[in-house]
Amino acid sequence: MKERRNNLDNIHKKFKLKQVINASGKMTILGVSKVSDQVAQAQKLAGQAFFEMNDLTEKTGYYIADLVGAENATVVSSASAGIAQSVAALIGQGDKYHAVHPFTDRIQKREIVLPKGHNVNYGTGVQVMVELGGGRVVEAGWANQCSAQQVEMEITDKTAALLYIKSHHTVQKSMLTVAQMAEVAQKHNLPLIVDAAAEEDLTTYYQAGADLVIYSGAKALEAPSSAMVIGKDKYVKWVQLQGQGIGRSMKIGKDNIIGFVTALEHYLATESESESSQKARLAPFISGLNEISGITAHIVQDSAGRLIFRASIKVESDSMNALEVIDKLKEGDTAVYTREYQANNGIIEFDIRAVDEVEMQRIVDKLKAIME
């Protein structure tokens, strides 16, 4: 452990990088998550070997599919790449001409229907990835409401697929479920893509009727930069064909493919940290936060209903607001990153999944210095 910390210190010193305490969660801007020694070793072995890449892609795909109960799967470079390539795949329908001419006028069936409240910014816009895949976004319903009927109203003879974003970034209230979206897709003989990038449940959405489901590798699975697209065999093969087209610009290496599979195996064999364990680790942190003048702290659950529990503080100081506190936490030699989504309401959340006890105390100490 000491040797590892020294090696990390050397990286930070070499490139003049700040130390980071990640209390934000598994976020792309901070490198998402940490990989285990087991995954890193698998990456090393794969990186020092040669494979027929098409064979590796196909064989690992079926291996993954068997693990998660799907017909087929493929590993791609990121969940964003998964959206773009899935959209392109369902527009091109396996046509090799389309693969190398993704924006050809020969194909007019390009509309991708999704709830308006799902067309969100997650670091970039969902619409950016759809358009990169050659699709045209058609929003259904309203920002705060979308029913199955409202989705059906937007389907035309130009509709190529339906898209559902399962994420804490999206509007949660008054939205149809994945199962309801699947019913609409099946009624109109259309494929359904579900982007479940940060979700921890690897089976529900496929079993609910989705044809392609996308999961980030680097978030819940703690894999290297990667993602998987699982689904119906035909559609997954169409996604793999995109390697001859737009997928070439977002290809994934052999080391990350094997690293992903290793992380997935470990994830499926290991239970997630329980609610009671998370709350037990949070308890002394909450107590320390509540001793600081100008803030009050309590435990909250993830807003999208996932079994993730965080520390939430309300900034009640007359001299400083939450946005200013957030900025000051990032200053200095060690930057503390938090969840900022409710800062305009004076609320800051701390995700402790990647934070140890020593780091939690450092957060308390830094907050105390800022507030006092």
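By the distance rule for salt bridges, the count in this predicted model comes to 13. A salt bridge is a side-chain nitrogen of Lys or Arg within 4 Å of a carboxyl oxygen of Asp or Glu. The model is predicted, and local features need pLDDT of at least 70, side-chain atom pairs count only at pLDDT 80 or more, and totals for chains, interfaces and linings use all residues. Residues are numbered from 1 along each chain as its sequence is written, and side-chain values use heavy atoms, with hydrogens and water left out.

One salt bridge joins the side chains of K59 and D55, with N and O 2.9 Å apart. Both residues belong to helix 3 (residues 53-68). They sit 4 residues apart, so about one helical turn separates them. Helices here are DSSP runs of H or I with at least four residues, strands are runs of E with at least two, and both are numbered from the N terminus. D55 has a relative accessible area of 32% and is partly exposed. On this scale, buried means under 20% relative accessible area, exposed means over 50%, and partly exposed lies in between (1.4 Å probe, protein chains only).

A similar arrangement occurs in helix 10 (residues 233-241), where D233 and K237 lie 4 residues apart, about one turn of the helix. Their side chains form a salt bridge at 3.2 Å, N to O. K237 is partly exposed, at 42% relative accessibility.

Another salt bridge links K116 and E139, whose closest N and O atoms are 2.7 Å apart. K116 lies in the loop between strand 3 (111-115) and helix 6 (126-132), while E139 lies in strand 4 (residues 136-140), so the pair ties together parts that are 23 residues apart in sequence. K116 is partly exposed, with a relative accessible area of 34%. E139 is partly exposed as well, at 30%. Salt bridges also link five residues in a network: E200, D302, R310, D351 and R353.

The charges were then considered over the whole chain. The protein chain carries 40 positive and 45 negative side chains. Lys and Arg count as positive and Asp and Glu as negative, while His and the chain ends are not counted. The centres of the two sets lie 5 Å apart. Each charge is placed at NZ of Lys, CZ of Arg, CG of Asp or CD of Glu.

The protein chain contains 14 helices and 12 strands. Its radius of gyration is 22 Å, close to the 21 Å that the globule rule gives for 372 residues, so the chain is as compact as a globular protein of that length. The radius is taken over C-alpha atoms, and the globule rule is 2.2 Å times the number of residues to the power 0.38. Along the principal axes, the C-alpha atoms fill a box of roughly 65 × 50 × 35 Å. Buried residues make up 50% of the 372 residues. The accessible surface comes to about 18,400 Å², and 49% of it belongs to carbon and sulfur atoms. These areas come from the Shrake-Rupley method with a 1.4 Å probe, and for residues only the protein chains shown count as cover.

Contact means heavy atoms within 4.5 Å. Among contacts between residues at least 6 apart in sequence, 69% join residues at least 24 apart. Three residues illustrate contacts and distances. S312, in strand 10 (residues 309-315), is buried at 4% relative accessibility. Beyond its neighbours within four places in sequence, S312 is in contact with T296, A297, H298, V300, I347, I348 and E349. S80 lies in helix 4 (residues 79-92). Residues up to four places away aside, S80 touches Y122 and M129. S80 and V130 are 50 residues apart in sequence, and their C-alpha atoms are 9.3 Å apart. A148 lies in helix 7 (residues 148-153) and is partly exposed at 24%. Leaving out neighbours within four places, A148 is in contact with L176 and V184. The C-alpha atoms of A148 and K44 are separated by 47 Å, with their positions 104 residues apart along the chain.

Backbone angles were examined last. Most residues other than glycine have a negative phi. Q93, not a glycine, has a positive phi of about 50 degrees. Q93 lies in the loop between helix 4 and helix 5 (96-100) and is partly exposed at 46% relative accessibility. N189 also has a positive phi, near 55 degrees. N189 lies in the loop between helix 8 (178-187) and strand 6 (192-195), and is exposed, with a relative accessible area of 71%.
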